[in-house]
Amino acid sequence: DYNRTDTFTIDQTRPKISVSYSGGNVRNGKYFDQKRTATITVTEHNFDPSQFRISIQAALDGKDIDKPVLSSWTSRGDTHTASITFLHDGDYSFIAETGDLAGNRSDKYAQSSFTIDTKAPELSFFDIKDHSANKDTVAPGIRSTDLNFDSSAVTLTLKGAKHKEKTVQGTVSETANGVSIKLPDFAHNKQTDDIYTLTARIQDKAGNVTEKSIVFSVNRYGSNFTYGKKTAERLDKYYLSKSSKLVIYETNVDQIVDSEIVVLKDGTSTTLKKGSDYTVDDESEMNGWHKYKYTISDHCFSKEGLYEIQIRTSDKAGNIQDNKIKNSPIRFVIDRTA
């Protein structure tokens, strides 16, 4: 009588390693904009957790960073799982292998490099200030940096209060992990004067987006002066038997910071007083342009004679102008004598 039972196992099957992921959608083949969890599954009847080996590579901008840690194992029959969560920005890869109690070795599982990037690109403007008034060279610049910068995903758009939105391009200079773009100077003509919004949209390889806008004016030609309907009719007649109020409009890209109205009667000048001799109403348009209505009282033209009105103003951009220089002279004669 042998009086015992011998038990042993024959195991000639090699363990198998597979990996699945959750979290984030891949872009450009290897980039993710949020944390990513790798679930490692080992299929083996005689699994030995102590034989599992994993080598993780973790770096950011070429420098080593803390490596994520493998969780404890959970077993259900011949299926054994553990996980690694990649929380922080960085470039990751790993190699894993294991053995079983019989000494069988698995094939090495090599995970190719992938990148976690949760930060949006940095973006700034230069050679232009937000809500600035500009009359000389106007050539805005844009700088953007990101560890995973995508030069093909840079969009610049320009829209004016009186100009339709369009995509613009400039001189591109590559910088460390980014780009610098310098726009050409705005054309020097009257049609260019406007209030503009420049918008830059930058997207990195992981899909993170930064979008910023800046508002500024191009104002090299200053104000334009126009007349109210009744005032225009009276100025066309030139010779008038009655005095009446005058209505003049001034339109400018920028805010008017100083103004003065002078009346010349037969060559003698008088500076009018705001409030008593004339009023100014701000009728600025919704699109950002500034419009002012000057109403000059009829008592300023109570006597007979030759009158000439000069409206002198200066705007935020530093332009100094008057209605005569801007080809809008105001001249008329009051004559009540038969």
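This passage looks at how the inside of the protein is packed, going from its nonpolar cores to a cavity and then to its aromatic rings. The model is a predicted one, and everything below is computed from it.

Start with the cores. In soluble globular proteins, nonpolar side chains tend to be buried together. Here, the largest nonpolar core has 21 residues. Those that touch the most other members are Leu 246, Ile 261, Ile 296, Phe 301, Ile 309 and Phe 332. Several strands chip in with two or more residues each: strand 21 (246-252), strand 22 (256-265), strand 25 (290-296), strand 26 (305-315) and strand 28 (330-334). Ile 309 gives a good idea of how the pieces meet. Leaving aside residues up to four places away in sequence, Ile 309 touches Leu 246, Ile 261, Val 262, Val 263, Ile 296, Phe 301, Asn 323, Ile 330 and Phe 332. There is also a second, separate core, this one of 20 residues, with Ile 128, Tyr 196, Leu 198 and Ile 214 among them.

Next comes the empty space. Rolling a probe the size of a water molecule over the atoms shows where empty space is left. The count comes to one cavity of 30 Å³ or more, and the largest cavity holds about 40 Å³ of space. Its lining is made up of Arg 234, Leu 235, Leu 240, Ser 243, Ser 244, Leu 246, Phe 301, Phe 332 and Ile 334. Sorted by type, that gives six nonpolar residues, two polar ones and one charged one. Helix 1 (229-237) and strand 28 each put at least two residues into this lining. Some names are familiar by now: Leu 246, Phe 301 and Phe 332 line the cavity, and they also belong to the largest nonpolar core.

That leaves the aromatic rings, which form 16 pairs. In one of these, Phe 86 and Phe 114 sit edge-to-face, 5.1 Å centre to centre and with 90 degrees between the planes. Phe 86 is in strand 7 (residues 79-86) and Phe 114 is in strand 9 (residues 109-116), so this pair ties together parts that are 28 residues apart in sequence. Both Phe 86 and Phe 114 are buried. Phe 301 and Phe 332 make another edge-to-face pair, at 5.3 Å centre to centre and 80 degrees between the planes. This one links distant parts of the chain, 31 residues apart: Phe 301 is in the loop between strand 25 and strand 26, while Phe 332 is in strand 28. Phe 301 and Phe 332 are both buried too. Finally, Phe 86 and Phe 114 turn up again in an aromatic cluster, along with Tyr 21, Phe 32, Tyr 92, Phe 94 and Tyr 109.

Key. Residues are numbered from 1 along each chain as its sequence is written. This is a predicted model: local features need pLDDT of at least 70, side-chain atom pairs count only at pLDDT 80 or more; totals for chains, interfaces and linings use all residues. Side-chain values use heavy atoms; hydrogens and water are left out. A nonpolar core is a set of buried Ala, Val, Leu, Ile, Met, Phe, Trp, Tyr and Cys residues joined through side-chain atoms within 4.5 Å. Buried means under 20% relative accessible area, exposed over 50%, partly exposed in between (1.4 Å probe, protein chains only). Helices (H or I, at least four residues) and strands (E, at least two) are DSSP runs, numbered from the N terminus. Contact means heavy atoms within 4.5 Å. On a 1 Å grid over the protein atoms alone, a cavity is a set of points where a 1.4 Å probe fits but cannot get out, and a pocket is an open set with protein on both sides within 12 Å along at least five of seven lines; lining residues have an atom within 4 Å of a point. Grid points are joined across faces, edges and corners, and a volume is the space filled by probe spheres set on the points. Ala, Val, Leu, Ile, Met, Phe, Trp, Tyr, Cys and Pro count as nonpolar, Asp, Glu, Lys and Arg as charged, and the others, Gly among them, as polar. Rings of Phe, Tyr and Trp (its six-membered ring) pair if their centres lie within 6.5 Å; planes under 30 degrees apart count as stacked, over 60 as edge-to-face and the rest as tilted.
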